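Trainee: I have a model open and want to learn how to read it. Where do we begin?
Mentor: With one residue. Then we work outward.

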Amino acid sequence: MNPIIAIKINGRTAKAPSVQEILTKYGCNIKTRVGFHEADETQCSTDGILILQLLGKEEDIRSMFSELKALEGVIPKMIEF
């Protein structure tokens, strides 16, 4: 089973460059990436959620988690089954 991380991003438009930089750094550890935010014809939410299915070395996954957690307004959670 591949680890899964859910990431809540408060103020996603401002945080997107920093989050994307980390995700690019660990891109080879990301098997699947799905993003959600509320949007309709009149508005777009400033918050969002990313779900990542990961693979690779546990050390790399923990490093990515730590880097995401260090960002203000970014809340990663490891999901284990």
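Mentor: Start with Asn29, which sits in the loop between α1 and β2. Keep in mind that this is a predicted model.

Trainee: Is Asn29 buried or exposed?

Mentor: Look at the relative accessible area; under 20% counts as buried. Asn29 has 10%, so Asn29 is buried.

Trainee: Which residues does Asn29 touch, not counting those up to four places away in sequence?

Mentor: Gln53, Leu54, Leu55, Gly56, Lys57 and Asp60. Gln53 and Leu54 fall within strand β3, residues 48–54. Asp60 belongs to helix α2, residues 58–69.

Trainee: Now a loop residue for contrast. Where is Glu38 found?

Mentor: In the loop between β2 and β3. The cut-off for exposed is over 50% relative accessible area. Glu38 has 63%, so Glu38 is exposed. Leaving aside neighbours within four places in sequence, Glu38 is in contact with Cys44 and Ser45.

Trainee: How far apart are Glu38 and Gly48 in space?

Mentor: 7.6 Å, C-alpha to C-alpha, while 10 residues separate Glu38 and Gly48 in sequence.

Trainee: On to the sheet. How do I read strand order?

Mentor: First the general idea. Strands of a sheet pair through backbone hydrogen bonds, in a parallel or an antiparallel way. Here, 4 strands form an open sheet with antiparallel pairing, and the order is β2-β3-β1-β4.

Trainee: Which strands stand at the edges?

Mentor: β2 (30–36) and β4 (74–79). Each has a single partner strand, so one side of each lacks a neighbour in the sheet. From one strand to the next, the twist averages 20°.

Trainee: How many bridges join β2 and β3?

Mentor: There are 6 bridges, and the pairing is antiparallel. Follow one of them: Thr32 has Gln53 in β3 as its bridge partner. Gln53 is also among the residues that Asn29 touches.

Trainee: What packs on the sheet?

Mentor: Helix α1, residues 12–25, does. Helix α1 touches β1 (4–9), β2, β3 and β4. The direction of α1 makes about 10° with that of β3. Now turn to the next helix. Helix α2 lies across β1, β3 and β4, and runs at about 150° to β4.

Trainee: Next, pockets. How do I describe one?

Mentor: Take volume, then lining, then residue classes. The largest pocket holds about 230 Å³ of space. Its lining has 11 residues; Pro3, Ile4, Met78, Ile79 and Glu80 lie nearest the centre.

Trainee: Which elements give two or more residues to that lining of the largest pocket?

Mentor: α2 and β4. The largest share, 3 residues, comes from α2. By class, the lining of the largest pocket has 7 nonpolar, 1 polar and 3 charged residues.

Trainee: What volume does the second largest pocket have?

Mentor: About 180 Å³. Of the 13 residues lining the second largest pocket, Ile9, Arg12, Ala16, Arg33 and Leu50 are closest to its centre. The elements giving two or more residues to this lining are α1, β2 and β3.

Trainee: Which element gives the most to the lining of the second largest pocket?

Mentor: α1, with 5 residues. The classes in this second lining are 7 nonpolar, 4 polar and 2 charged.

Trainee: Let me put the pockets together. α2 gives the largest share to the lining of the largest pocket, and α1 gives the most to that of the second largest.

Mentor: Right. Both helices also meet the sheet: α1 packs on it, and α2 lies across β1, β3 and β4.

Key. Residues numbered from 1 in each chain as written. Predicted model: local features only at pLDDT ≥ 70, side-chain atom pairs only at ≥ 80, totals over all residues. Heavy atoms only, no water. Pairing = 2+ DSSP bridges. Axes fitted to C-alpha atoms, helices over the stretch in contact; angles between N-to-C directions. Contact = heavy atoms within 4.5 Å. 1 Å grid on protein atoms, 1.4 Å probe; cavity = no way out; pocket = protein on both sides within 12 Å on 5 of 7 lines; lining within 4 Å. Points joined across faces, edges and corners; volume = space filled by probe spheres on them. Nonpolar A, V, L, I, M, F, W, Y, C, P; charged D, E, K, R; others polar. Buried < 20%, exposed > 50% of the residue type's maximum accessible area, 1.4 Å probe, protein only.
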